Amino acid sequence: MDAQNEIKRTLKQDVSIEAVQQLLADKEYETRASFADSVCRHFGFLDARNRPQRAGCVKALRQLEQGGHIVLPAAVHRGGTVKSPRRLDQAVPAAIDVPAQAGDVRALTLIIVDRLDLMRVWNELMLREHPQGAGPLVGAQMRYLIGSEHGWLGGFGFGAAALHMADRDQWIGWSPDLRRQQMHRVVGMSRFLIRTSVDCQNLASMVQGMVLRRLGADYEAQYGYRPWLVESFVDTAHFIGTSYRAANWLLIGKTQGRGRQDRDHAHAKTVKSIYVYALQADWRARMGVAEPVPLAALDVAEGLEGDEWAAHEFGGADLGDKRTNERLVEFAGTLAAMPGRAFCAAAQGDKPAIKSYYRMIEQADDSQLTMAAILAPHQQRTVQRMKAQSTVLCIQDGTDLNYSSLVQCDGLGVIGSNQTGAQSGGLHLHSTLVVTTQGLPLGVLGAQCSAPQPRAKDDTRPTSAIPIQEKKTFAWIEGLRQCNGVAAELPDTRQVLVMDREADFYELFDEQRRSRRVELLVRAKHDRATGEELRLFDSVRQSPVKGQLQIPVPRQSSRAKKSKQKARAGHKQRTAHVELRWRELEFGPPSKSSDKKALTLRVVHVLETSPPLDAEPVEWFLLTTCEIATTEQAQDCLRWYCLRWRIEDWHRVLKSGCRIEALQHKTAERLKRAIAINLVIAWRIMLMTLLGRTVPDLPAELLFSDLEIEVLQAYAKKNESTSRLGWAMPYAS
């Protein structure tokens with residue numbers, strides 16, 4: 001079966017309907033099944049083993065009957081209740097004495113489920129131990145049990161692939177017609193279970209390799225054709241796909257949370273990562289699709305020319321409508337020309353443009369115009385800019401956006417309260433800003449706006465009992481996962497994730513340890529117990545000094561005491577003379593995670609030796625997974641952490657320059673759309689400013705149009721030139 005029969009599409013044609021009507025008139029059929037077999041033989045709806053495709057034909061014929069075209073033979077009702085899956089009378093016995101390493105498992109084997117007794121075992125395992133149960137699976141199916149001398153260890157279930165999936169279909173590159181013809185060449189790994197009672201390192205990736213090596217031959221023996229691709233999904237709220245990557249699956253995108261039966265676009269399912277595995281190396285040639293063009297590396301300022309930058313950073317967004325995609329580029333350019341202004345002011349009285357902009361922003365909250373969709377082209381360009389660097393710093397941080405004046409705005413959360421208990425409405429923005437090791441911003445890799453809600457009064461769970469997915473700190477783990485997700489596209493780029501003290505929690509380091517694709521650099525908040533007599537802070541303080549350094553300390557504005565924030569004294573910018581120490585330490589897991597392994601981290605410590613009389617000495621403890629074998633490597637970590645302030649500067653540009661807290665919209669979803677556009681505009685403003693400082697001799701044409709340069713030249717003093725970026729930037733700002 002080279003191409004899949006398009007039964008429904010074929011039978012909907014007028015000439016086919018006439019042929020079906022004639023078949024009914026020529027002969028009397030006792031059952032729908034016998035008539036469907038006759039239709040299959042007439043139209044050639046046969047599978048690879050020359051058997052009628054009865055089930056698909058009956059379904060298509062029922063739709064013709066519903067449309068009033070034919071009257072089918074009466075359905076045969078056999079009576080009785082719907083059968084439940086055949087299963088055992090009791091749970092499958094637990095495996096006994098399973099070794100800690102997969103290579104030591106005795107008689108590890110895969111068994112095809114082709115008998116009733118094996119089907120009962122498979123169903124029992126899935127119903128009791130798999131989150132999705134036993135199915136039902138759809139389409140051409142294969143089931144396997146994972147056996148061993150120790151007992152049953154788990155199982156697999158394969159069935160039809162998803163009918164539509166935007167990220168997968170774009171990655172494959174097939175047309176709608178080709179997708180319908182070759183859909184059978186892609187199968188879905190619908191069930192994969194390693195029993196929770198089995199703790200065996202590398203077992204998951206080993207058995208995945210075993211089943212993928214034999215899957216094509218087993219399908220051919222059963223159904224008469226070989227699939228070329230396998231797809232599967234990972235719920236990133238609970239798993240990170242370590243075994244998939246170890247078994248050489250490829251991460252290609254995310255689902256939209258719809259599921260196979262979501263005809264009403266309810267998006268009721270969780271969003272999952274999409275993984276694919278090629279069973280045939282030349283599957284693209286067999287299918288007739290072109291090889292994808294790999295992303296090209298971009299220099300920091302490439303494509304940021306005054307008249308073209310918006311098309312590069314927003315062009316190609318999939319917002320559900322071609323006109324909306326094009327308008328996004330136009331509107332972003334208009335807003336960037338006058339940042340901080342409302343669109344009606346930036347458009348300078350262009351009423352059609354103003355009307356069109358607000359029509360776009362005010363689309364229904366469930367439309368495809370989402371924050372993620374708006375940012376997608378810029379994120380791709382960010383990855384391309386990362387690709388041109390040997391090392392990049394992915395700086396994570398959060399900030400609150402205050403919209404307490406929008407009392408009628410739906411969907412806001414609670415970002416604080418005053419001493420009288422009055423709550424402030426707003427959103428929490430958690431972002432990942434990527435910069436070079438010299439501090440030039442490469443783009444916004446990730447951004448999520450949430451509406452924080454106070455804990456319910458009847459929620460009496462202790463903090464240790466609340467799953468990490470329900471905590472605010474989970475945003476840091478999601479940021480790490482996003483960096484992991486693009487690592488496959490950056491084989492020659494080292495990613496270091498830089499974070500402040502809020503990210504100092506065990507689960508984040510444990511997450512990194514499972515993937516190890518991205519390195520962490522986090523300022524310590526907790527004085528943890530170590531494997532030694534002293535706790536973290538004293539243990540490092542008493543280690544020998546390994547260097548003397550000078551580090552810049554940025555100015556800090558004073559802050560009055562708030563309900564949940566302490567007062568903070570301000571200080572001027574200064575240079576601090578510090579002592580440098582570093583060493584490796586082991587930290588045990590917290591009591592709530594006593595079953596986890598200890599962490600081994602490097603700690604970099606700096607302490608200011610002679611601070612000003614009115615200032616507290618600078619003292620940092622930096623926890624890192626980066627290798628530190630020399631003082632120079634420790635200095636690199638310190639220098640990288642000093643660049644964490646870049647994201648604070650970006651937040652200031654967002655709030656003061658782009659004035660995103662002055663936005664006026666009636667729902668949080670509409671606010672997020674406007675915020676997304678301004679995130680990219682703020683990045684560009686910041687990059688322009690820093691380029692003017694760090695490389696002032698670049699031509700001004702790099703960032704300004706001819707008209708803008710002409711205006712700047714007229715504004716500048718007579719004896720000064722704006723032909724260079726360093727001269728143009730002060731006048732532009």
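**Exercise 1. Where is Thr 667 found, between which two helices?**

Before the solution, a word on the model. The structure is predicted, so local features need pLDDT of at least 70 and side-chain atom pairs count only at pLDDT 80 or more, while totals for chains, interfaces and linings use all residues. Residues are numbered from 1 along each chain as its sequence is written, and side-chain values use heavy atoms, with hydrogens and water left out.

*Solution.*
- Step 1: Thr 667 sits in the loop between helix H20 (645-657) and helix H21 (668-694). Helices (H or I, at least four residues) and strands (E, at least two) are DSSP runs, numbered from the N terminus.
- Step 2: Thr 667 has a relative accessibility of 9% and counts as buried. Buried means under 20% relative accessible area, exposed means over 50%, and partly exposed lies in between (1.4 Å probe, protein chains only).
- Step 3: Look for its partners, leaving out residues up to four places away in sequence: Thr 667 touches Asp 365, Cys 409 and Asp 410. Contact here means heavy atoms within 4.5 Å.
- Step 4: Now compare sequence with space. Leu 412 is 255 residues from Thr 667 along the chain, yet their C-alpha atoms are separated by 7.7 Å.

**Exercise 2. Describe the protein as a whole.**

*Solution.*
- Step 1: Start with the elements: there are 23 helices and 17 strands.
- Step 2: Turn to burial. Of the 733 residues in the protein, 47% are buried.
- Step 3: Consider contacts between residues at least 6 apart in sequence; 68% of these join residues at least 24 apart.
- Step 4: Finish with the surface. About 37,800 Å² is exposed, and carbon and sulfur atoms supply 48% of that area. Accessible areas come from the Shrake-Rupley method with a 1.4 Å probe, and for residues only the protein chains shown count as cover.

**Exercise 3. Trace the salt bridges.**

*Solution.*
- Step 1: Recall the idea: side chains of opposite charge can pair when their charged atoms come close. The cut-off used is a side-chain nitrogen of Lys or Arg within 4 Å of a carboxyl oxygen of Asp or Glu. The structure holds 40 such salt bridges.
- Step 2: Begin with Asp 47 and Arg 51, whose closest N and O atoms are 3.0 Å apart. Asp 47 is buried at 19% relative accessibility, whereas Arg 51 is partly exposed at 38%.
- Step 3: Move on to Glu 149 and Arg 106, a salt bridge with its closest N and O atoms 3.1 Å apart. Glu 149 lies in the loop between strand E2 (142-147) and strand E3 (154-160), and Arg 106 in the loop between H4 and strand E1 (109-112), so the pair ties together parts 43 residues apart in sequence. Glu 149 is exposed at 56%, and Arg 106 is partly exposed at 44%.
- Step 4: Next come Asp 397 and Arg 644, with a closest N and O distance of 3.4 Å. This pair links distant parts of the chain, 247 residues apart: Asp 397 is in strand E8 (residues 391-402) and Arg 644 in the loop between helix H19 (631-642) and H20. Asp 397 is buried at 9% relative accessibility, and Arg 644 is buried at 3%.
- Step 5: Add a network: Glu 6, Arg 9, Asp 177 and Arg 180 are joined by salt bridges that share partners.

**Exercise 4. Explore the surroundings of Val 606.**

*Solution.*
- Step 1: Find Val 606 in strand E16 (residues 599-608).
- Step 2: Check its cover: Val 606 is buried, with 1% relative accessibility.
- Step 3: List contacts, leaving aside neighbours within four places in sequence. Among them are Val 578, Leu 580, Trp 620 and Leu 638.
- Step 4: Val 618 is another contact of Val 606. These two valines are 12 residues apart along the chain, with C-alpha atoms separated by 7.5 Å.

**Exercise 5. Look at the backbone in three loops.**

*Solution.*
- Step 1: The peptide bond from Gly 135 to Pro 136 is cis, with omega near 15°. Pro 136 lies in the loop between helix H5 (116-129) and E2.
- Step 2: Ala 107 is not a glycine, but has a positive phi of about 55°. Ala 107 belongs to the loop between H4 and E1 and is partly exposed at 47%.
- Step 3: Asn 248, also not a glycine, has a positive phi of about 70°. Asn 248 is in the loop between helix H9 (242-246) and strand E6 (250-254), and is exposed at 61%.
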